[in-house]
Amino acid sequence: MTVTNLKYGNTNTYLVSGLLIDTDMAGTMPALRREIKRQGIAPDAIRYVLATHYHPDHMGLIGELMQNGVRLILLEHQRDFVHSMDAIFARDRRTSFVPIDECAATVISVAESRTFLSNIGIGGEIITTKSHSPDGAALILDDGNAFVGDLEPREFLGGYDENDALREDWANIFSLGAKIIRYGHANTQQITE
């Protein structure tokens with residue numbers, strides 16, 4: 001599978017076989033369109049979108065994308081967080097934030113993710129990663145690519161002696177064969193050990 005990093009704002013956004021993983025802030029749609037054009041990607045190549053978590057810099061364009069026919073993959077454990085940032089966007093009158101219509105989303109559990117992804121041509125699965133945010137999720141592809149959003153890098157684990165949730169998140173990611181870690185804000189990391 002080809003992974004394309006669409007860097008058009010402050011958040012790394014990835015496109016894999018029609019699935020967009022994360023978006024940037026509301027108001028960055030023109031920048032996303034320019035980046036898609038720059039990379040030679042057809043405008044209709046984005047068919048689905050998945051947020052690793054519902055913070056403003058990872059989900060700001062989802063509502064607008066949905067208005068343009070992109071289908072949101074919403075994990076059951078994320079449902080209560082979909083609108084948690086609406087008030088933040090509402091305060092900023094300079095951006096054109098479109099709230100997410102969760103009724104139009106495809107809601108799945110992490111247990112169903114492998115089957116769902118297979119049906120759209122992607123080998124892999126989605127897991128929960130709640131150490132950064134209770135609605136956190138990571139996508140781990142069978143080819144070793146892991147999209148982890150804002151998960152704290154594993155090399156910093158020593159500084160979090162009491163953070164068992166972070167250790168568990170990384171153990172789960174590596175148990176699925178992760179070899180290339182793709183962060184929301186940091187550089188991609190190749191695992192060699």
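This section describes a sheet, the helix that lies across it, a set of aromatic pairs and a second group of strands in a predicted model.

An open sheet of 5 strands is present, in the order β7-β8-β9-β10-β11, and its pairing is mixed. Strands β7 (124–128) and β11 (189–190) stand at the edges; each has a single partner strand, so one side of each is left without a neighbour in the sheet. The mixed character can be followed along β10, which comprises residues 180–183. With β9, strand β10 pairs in the parallel sense, over 4 bridges. Within this pairing, Phe147 stands opposite Arg182 in β10. With β11, strand β10 runs antiparallel, and 2 bridges join the two strands. Ile181 stands opposite Gln189 in β11, and the bridge partner of Ile180 in β11 is Gln190. Strands β10 and β11 form a hairpin, with 5 residues between them.

The side chains of β10 point in two directions. Ile180 and Arg182 point one way from the strand, whereas Ile181 and Tyr183 point the other way. All four of these residues are buried.

Between β8 and β9 there is a loop, in which Asp143 lies. Asp143 has a relative accessibility of 38% and therefore counts as partly exposed, a class that falls between buried (under 20%) and exposed (over 50%). The C-alpha atom of Asp143 is separated by 8.2 Å from that of Lys179, although the two residues are 36 residues apart along the chain.

Helix α6 (residues 164–175) lies across four strands of the sheet, namely β7, β8 (137–141), β9 (145–149) and β10. Relative to β10, the helix runs at about 130°. Helix α6 has 12 residues and reaches 16 Å from its first C-alpha to its last, close to the 16 Å expected at 1.5 Å a residue. Its buried residues are Leu166, Asp169, Trp170 and Ile173. These residues cover an arc of only 90° around the axis, which puts them on the same side of α6. The spacing fits a general property of helices. An α-helix has 3.6 residues a turn, so residues three or four places apart point the same way. What covers the buried residues of α6 includes β7, β8, β9 and β10. The face turned away from the buried side carries the exposed residues Asp164 and Ser175. Just after the helix, Gly177 takes a positive phi of about 85°.

The structure holds 5 aromatic pairs. One of them is formed by Phe89 and Phe97, and this pair is stacked, with 4.2 Å centre to centre and 15° between the planes. Both Phe89 and Phe97 are buried. In another pair, the ring centres of Trp170 and Tyr183 are 6.4 Å apart and the planes stand at 65°; an angle over 60 degrees counts as edge-to-face, so the pair is assigned to that class. This pair links distant parts of the chain, as Trp170 is in helix α6 and Tyr183 is in strand β10, 13 residues apart. Trp170 and Tyr183 are both buried. Together with Phe174, they form one aromatic cluster.

A further group of strands involves β5, which spans residues 71–75. Of its 5 residues, 4 are buried, so strand β5 is largely enclosed by the rest of the structure. Strand β4 (residues 48–50) runs parallel to β5 and is joined to it by 2 bridges. Here Tyr48 stands opposite Arg71 in β5. Strand β5 also pairs with strand β6 (residues 106–108), again in the parallel sense, over 3 bridges. In β6, Thr106 is the bridge partner of Ile73.

Terms used: Residues are numbered from 1 along each chain as its sequence is written. This is a predicted model: local features need pLDDT of at least 70, side-chain atom pairs count only at pLDDT 80 or more; totals for chains, interfaces and linings use all residues. Side-chain values use heavy atoms; hydrogens and water are left out. Two strands pair if DSSP finds at least two bridges between them. Contact means heavy atoms within 4.5 Å. Axes are lines fitted to C-alpha atoms, for helices over the stretch in contact, and angles run from 0 to 180 degrees between N-to-C directions. Buried means under 20% relative accessible area, exposed over 50%, partly exposed in between (1.4 Å probe, protein chains only). The expected span of a helix is 1.5 Å times one less than its number of residues. The arc is that of the directions from the helix axis to the C-beta atoms. Rings of Phe, Tyr and Trp (its six-membered ring) pair if their centres lie within 6.5 Å; planes under 30 degrees apart count as stacked, over 60 as edge-to-face and the rest as tilted.
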